[in-house]
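Q: I have a new model open and I'm not sure how to read it. Could you walk me through it, one feature at a time?

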Amino acid sequence: QLITKAQKPLKPEESIKMAQIPVGFEISLFASEPDIVNPINVAWDHRGRAYVLQTVDYPNNLHAKDLGHDKITICEDTDGDGRADKFTLFADKLSIPSSLCFVGTQLLCTNASEIMLLQDTDGDDVADVRKTIISGFGTGDTHAGVSNLRYGLDNWIYGTVGYSGFEG
């Protein structure tokens, strides 16, 4: 049978009621639209702030270097109520990013065909260093690109790449 309708999105307060959590745990809303749109990955810094990777380009709107519409926003709870109330644009003009991983105070980010290093060196919460450290990941299918960066217990960074491959 042809499916012609999809469920309308739930409001965050309704969606959270559907979450299944282990006994003894609780779940609460930290950030949502309109402050955060299409989140795809989150990394937490040493100060308890969420660096949220948002993508409106994924999966069909791949852009050339520094022309994307995707971004990383720092979400911070400044009044201690458990909800983000401060939103700072850390980095923008990304295209099809999918993963974040802290290495000390530096942030690794996958960005289409590359893994880049982002860093705030002057304390204003904006990435003023933006450096490609590995390039050559395939972009023939954006669903199968580089992703899933993880800091390992052995101090190595791990990631995956799908059938789009690597030539670098």
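**Reading the sheet**

A: Sure, let's begin with an open sheet of four strands, ordered β1-β2-β3-β4 and paired in antiparallel fashion. Keep in mind that this is a predicted model.

Q: Which strands are at the edges of the sheet?

A: Strands of a sheet pair through backbone hydrogen bonds, in a parallel or an antiparallel way. Here the edge strands are β1 (39-44) and β4 (86-94), and each of them pairs on one side only. From one strand to the next, the twist averages 20 degrees.

Q: How many bridges join β1 to β2?

A: Five bridges join β1 to β2, which covers residues 50-54, and the two strands run antiparallel. To pick out one pair, start at Val42: its bridge partner in β2 is Val52.

Q: What should I look at in the hairpin of β1 and β2?

A: Look at what lies between the strands: this hairpin has five residues there. Gly48 in the hairpin takes a positive phi near 80 degrees.

Q: And how is β2 joined to β3?

A: Again by five bridges, with β2 and β3 (residues 70-76) running antiparallel. Try Gln54 this time: its bridge partner in β3 is Lys71.

Q: Is β2 enclosed or open, and which way do its residues point?

A: For this one you need a cut-off: a residue is called buried when its relative accessible area is under 20%. Five of the five residues of β2 are buried, so β2 is largely enclosed by the rest of the structure. Ala50, Val52 and Gln54 point one way from the strand, while Tyr51 and Leu53 point the other way. Residues on both of these sides are buried.

**Stepping back to the chain**

Q: How many helices and strands does the chain have?

A: There is one helix, along with 10 strands. Follow the sequence and you get the pattern α-β-β-β-β-β-β-β-β-β-β.

Q: Why can the chain be called as compact as a globular protein of that length?

A: Compare two numbers: the radius of gyration is 17 Å, and the globule rule gives 15 Å for 168 residues. Those values are close, so the chain is as compact as a globular protein of that length. The C-alpha trace spans about 55 × 45 × 35 Å along its principal axes.

Q: What about burial and surface for the whole chain?

A: Buried residues make up 34% of the 168 residues. The accessible surface comes to about 10,800 Å², with 53% of that belonging to carbon and sulfur atoms.

Technical notes:
Residues are numbered from 1 along each chain as its sequence is written. This is a predicted model: local features need pLDDT of at least 70, side-chain atom pairs count only at pLDDT 80 or more; totals for chains, interfaces and linings use all residues. Side-chain values use heavy atoms; hydrogens and water are left out. Two strands pair if DSSP finds at least two bridges between them. Axes are lines fitted to C-alpha atoms, for helices over the stretch in contact, and angles run from 0 to 180 degrees between N-to-C directions. Buried means under 20% relative accessible area, exposed over 50%, partly exposed in between (1.4 Å probe, protein chains only). The radius of gyration is taken over C-alpha atoms; the globule rule is 2.2 Å times the number of residues to the power 0.38. Accessible areas come from the Shrake-Rupley method with a 1.4 Å probe; for residues, only the protein chains shown count as cover.
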